[in-house]
Amino acid sequence: MRVTRRRFLAATATVTATAAATGLYTWQVEPHWLEIVRRPLPVRGLPPRLAGKSLVQISDLHVGPRVDDEYVLTTFRRVAALQPDIVAFTGDFVSHHEGWREQARGVYSQFPRGRLATLAILGNHDYGVNWAHPEMAQQVVEVVQPFGITVLRNEVRDVEGLQFAGLDDLWAHQFRPAQTLRQLDARRASIVLSHNPDTVDLGVWEGFESWILCGHTHGGQCKPPFLPPPLLPVNNKRYTSGEFALDGNRRLYISRGVGHLLQVRFNVRPEVTVFELRSA
């Protein structure tokens, strides 16, 4: 078929309009199109009184100049409406900038609390530029803890017979798995919170046989159909998002996170995960 000038211009206009619509969607729609993901979480040795209770994982909020406060607060209201039993935050409270403390106080004063516990760990961005400022991480803790958020820094907390181990950040060189995991009673139910999924490949997990909840990747933020994300901040490019079986009877779940570093997402919607605790 002969391509006329009119047909060529019509085709060009169609391509241009499609590209513009895709760009607008990627910038303005998907970064704020939160998905509430519901999944079972079977835990070996789970105390019977916790069966059926909810554990909500929130991750990677990145409160700062690039994430809209109202979007974050709307997310908090949606989670609070679920009346969660346990809330677990898996790192990156903030993206550091001038005035971050005031912004973080205003936002995290509305953070949804769990009926039984509200636990959190730190991510690399909580350590400031080049993840090299532990004093900034301490300031993050001091900002959020008055609002009922217990930040675990290589520590263990018991919640109605379920042990939670919160590991500090790998890239900030604060990851202390040996001292943390030895606090766990291997005969009892346990869950680990660890921001960076690369931590699951380190040789530190002997004797631990349960779930590790992570964030960090944002799912890559942009993912072409049928292809892996081109940019993923982990060594093991298998770790995008979702559930993974690991050796040693361990299982990994990676949240796609709520926030972003750049306001772009494509085929990787932001996520809050609602787990139903079950006995394995």
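How many bridges join strand β3 to β4, and in which direction do the two strands run? In this predicted model, strand β3, which covers residues 86-90, is joined to β4 by 5 bridges, and the two strands run parallel. Within this pairing, T90 stands opposite I121 of β4. The two strands also belong to a right-handed β-α-β unit, whose helix is α3, residues 100-108.

A second pairing involves β4 and strand β5, residues 150-151, where 2 bridges join strands that again run parallel. Here A120 is the residue of β4 that stands opposite V151 in β5. Between these two strands the chain passes through α4, and this β-α-β crossover is right-handed as well. The pairings of β4 are set out below.

| Partner of β4 | Bridges | Direction |
|---|---|---|
| β3 (residues 86-90) | 5 bridges | parallel |
| β5 (residues 150-151) | 2 bridges | parallel |

As for its surroundings, β4 is mostly covered, with 5 of its 5 residues buried. The cover extends to both faces of the strand, since A117, L119 and I121 are buried on one side, while T118 and A120 are buried on the other.

The loop that links β4 (117-121) to α4 (134-144) contains N124. Is this residue buried or exposed? N124 counts as buried because its relative accessibility is 1%, and the cut-off for a buried residue is under 20%. When neighbours within four places in sequence are left aside, the residues in contact with N124 are D92, W131, D169, W171, H195 and H216. Of these partners, W131 lies in the stretch between β4 (117-121) and α4 (134-144) that also holds N124.

Turning to the whole protein, the model has 5 helices and 12 strands. Its radius of gyration is 20 Å, close to the 19 Å that the globule rule gives for 280 residues, so the protein is as compact as a globular protein of that length. The C-alpha trace spans about 75 × 40 × 35 Å along the principal axes.

Of the 280 residues in the protein, 50% are buried, and the accessible surface comes to about 13,100 Å², with 55% of that area belonging to carbon and sulfur atoms. Among contacts between residues at least 6 apart in sequence, 73% join residues that are at least 24 apart.

Notes. Residues numbered from 1 in each chain as written. Predicted model: local features only at pLDDT ≥ 70, side-chain atom pairs only at ≥ 80, totals over all residues. Heavy atoms only, no water. Helix = DSSP H or I, 4+ residues; strand = E, 2+ residues; numbered from the N terminus. Buried < 20%, exposed > 50% of the residue type's maximum accessible area, 1.4 Å probe, protein only. Contact = heavy atoms within 4.5 Å. Pairing = 2+ DSSP bridges. Right-handed = clockwise from strand over helix to strand, strands pointing away. Rg over C-alpha atoms; globule rule 2.2 N^0.38 Å. Areas by Shrake-Rupley, 256 points an atom, 1.4 Å probe, with all protein chains shown as cover.
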